[in-house]
Amino acid sequence: MKKILVANRGEIALRIMRTAQKMGIKTVAVYSDADRESPHVRFADEAVHLGNSPSSESYLDMDKIVNAALHTKAEAIHPGYGFLSENAAFAQLVTKNGISFIGPKPHAIEVMGDKLAAKEAVKGYNIPMVPGIEEAITDIVLAKKISQKIGFPVLIKASAGGGGKGMRVVRHLSELAEQMERAISEAKAAFGNGSVFLEKYIESPRHIEIQVLADTHGNILHLFERECSIQRRHQKVVEEAPSAILTPEIRTAMGEAAVKVAKACDYVGAGTVEFLLDRENNFYFLEMNTRLQVEHPVTELITGIDLVEQQIKIARNEKLAFTQEDLSIKGHALEVRVYAEDPMNNFLPSIGTLEIYKRPSGEGIRLDDGFEEGMAIPMYYDPMLAKLITYGKDREEAIQLMIRAISKFKIKGISTTLPFGKFVCEHEAFTSGNFDTHFVKNYFTPELLNEQYGQERKIAALVGLKLFLEHKEKLKLPDYKISNWSLKRSKK
Ligand code: MV4
C-alpha cells in the first residue's frame, strides 16, 4: 500500500495522514469549496477538489470520492469517522472498484447499523443484554404485555436509530400507546424504517465502551475501555481511559464480551463496542460502532498503540503483532472536545473566524486539531474544532494537566466549550468519579459557569490591588503627557 486517500476533513483527516506519512505511505486529501485553505489539504501529498461546500456535494458523494481515488491511483480509502464511515454501500463501492476500504466488511457495517440485526447477530454468544425484546413491535396489546413483564420504566428504541436518536422513556402503562405511535412515525420519518423495540430503561447508567482490533486472520483483541458518560444530548464532551470505576474483573469480562461481539459479526479492523453499566455494576451490550472513534486517542495514550497504524496494517492483511497478554494499561488519559459552541448560551453554534488561536503544548498534552489562526469555521460541518488530550501517571495528574492546558488554550473570535470542559474537570462529581450519563443535566447551568469566571475575575482584581498597595512607593509611573511621540508630533 503506497498511497491512501483520506475521505474526510479537519482533525481526523490530518491525524490519519500523519500516521500514513510515518509509515511511508503517500496521502491524497479530498476537499470541498469551504475547505480549500484547510491544513489537511496542504498536509497531503495530493489533493482533489470534490465540489461545493454542502456535505452532500462533497464528503458524502461516494462517486466523486471513488473517482478521486481511481484518478490519483490511491490503493486504499480511509473514511475517518462520520460522513461515509459507516455506510455499507460505500464500503461495497470502494471494494468493487478494486480499492481497499480501511474498515470492516460491508456485512459488519450493515448488521451493526441496525440495532435489532445486531441483537440477532450476537444471540448465542452469551453477551449480557438489557432485558427486552429482539423483534420489531407494532402491536400495542403485545407491547403492553411485554412492558409489564419487563417492568416500567421501559425505553422505546428505533432499530435504525443510534446515538440516542429515536428513543423514548415510558414510565407508565397509560403512556405506552401514544409514545409507541410517535416513536414509529418518527423513526419512519428520520430513518425510513419504522421498526421499534422495547427495553428495560436503565435509569442512571455509565456509558463505557471497549476498543477492539480484529485482523483478517481471525485474531481479535480488546484495548480496554473508554469512559464516555460525560455527554450532552448524546454528544460526548469529556472522555477518559481507563474508567475511574471499573475493577479488573469487570474490565476483563467486558473486554471478553466485546471480543465476542466482534466475532459475532465477523469484524475486521478497529471497532468499538458500547455498553451500559448500571448502579450494581451489571453491564449490558448496547451497540457496536464500526469505525475509528473521535475519542480513540485516550486509548492510544494508555496502551501505546497507534490505532490508525493498526487499521492500515490490518487492511494490508497483516497479522496483529501482539496478543492480549502483551497489552496493559499505563497511566491515565483524558480528552476534552472543543466545539465552536457557546456554553453560556445553550450551546448555540458559534460562527466566525479564529482571530486568535494559541495552542497549549508540553509534556502530557496532545492536541488533535484541524484549524489555524485566521481561519473561518465553516458552518457546513460538525462544529468540533479540536480535541485536547492529556496524559498523566494517574487520573489526578491527567485532570490537573487538563485544567492547565485549557487555561493555556487561547481562542478568540468564536465561543468554544473550553470553559465548559474546565467546569467538568473541576467538578467534585467528576473528580470523585461518582457520575453517570446525567452529569450535565444534573450539575451544569450557565449561571454556575458565569459564577466560576466571575469569581476568578474578582480574585485577579484583588491580587492586582494588593500588589499595587504593597509596591506603590516603588512604582514610578511614566508621565505620558511628555512622551517622545507627542513631542515629535508637536515639533512638525
Ligand atoms: C439506553 C439507556 C437506558 N436504558 N438503553 C443512548 C445512546 C444509545 N447508544 C443508547 N442510549 C441509551 N440507551 C436502555 N435500555 C440510556 C441511554 C442513554 C445514554 C447512553 C450512553 C450515553 C449517554 C446516554 C444518555 C442518555 C441515554
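Leu286 touches Lys157, Glu274, Phe275 and Leu276, leaving aside residues up to four places away in sequence. This is a predicted model. Leu286 itself lies in strand β13, residues 283–289. Take its contact Leu276: the two leucines sit ten residues apart in sequence, and their C-alpha atoms are 6.7 Å apart in space.

Now to helix α8. How does its reach compare with what is expected at 1.5 Å a residue? From first C-alpha to last, α8 covers 26 Å, close to the expected 27 Å. There is a bend of about 25° along the way, at Gln179. Gln179 is also one of the buried residues of α8, together with Leu176, Met180, Ala183, Ile184 and Ala187. Among the elements that cover those buried residues are one helix and three strands, listed below with α8 itself.

| Element | Residues |
|---|---|
| α8 | 173–191 |
| α7 | 140–150 |
| β6 | 154–158 |
| β7 | 168–170 |
| β8 | 196–200 |

Right after α8 comes Gly192, which has a positive phi, near 65°.

Over on the surface, Leu462, Leu465, Phe468, Leu469 and Leu475 make up a nonpolar patch. Together these residues have about 480 Å² of accessible area. Leu462 belongs to helix α16, residues 446–471. Is Leu462 buried or exposed? Leu462 counts as exposed because its relative accessible area is 53%, and the cut-off for exposed is over 50%.

Methods: Residues are numbered from 1 along each chain as its sequence is written. This is a predicted model: local features need pLDDT of at least 70, side-chain atom pairs count only at pLDDT 80 or more; totals for chains, interfaces and linings use all residues. Side-chain values use heavy atoms; hydrogens and water are left out. Helices (H or I, at least four residues) and strands (E, at least two) are DSSP runs, numbered from the N terminus. The expected span of a helix is 1.5 Å times one less than its number of residues. The bend at a residue is the angle between axes fitted to the seven residues ending there and the seven starting there. Buried means under 20% relative accessible area, exposed over 50%, partly exposed in between (1.4 Å probe, protein chains only). Contact means heavy atoms within 4.5 Å. Patches are made of residues with over 30% relative accessible area and no salt bridge: like charges are joined within 9 Å, nonpolar side chains (Val, Leu, Ile, Met, Phe, Trp, Tyr) within 5 Å. Accessible areas come from the Shrake-Rupley method with a 1.4 Å probe; for residues, only the protein chains shown count as cover. A salt bridge is a side-chain nitrogen of Lys or Arg within 4 Å of a carboxyl oxygen of Asp or Glu.
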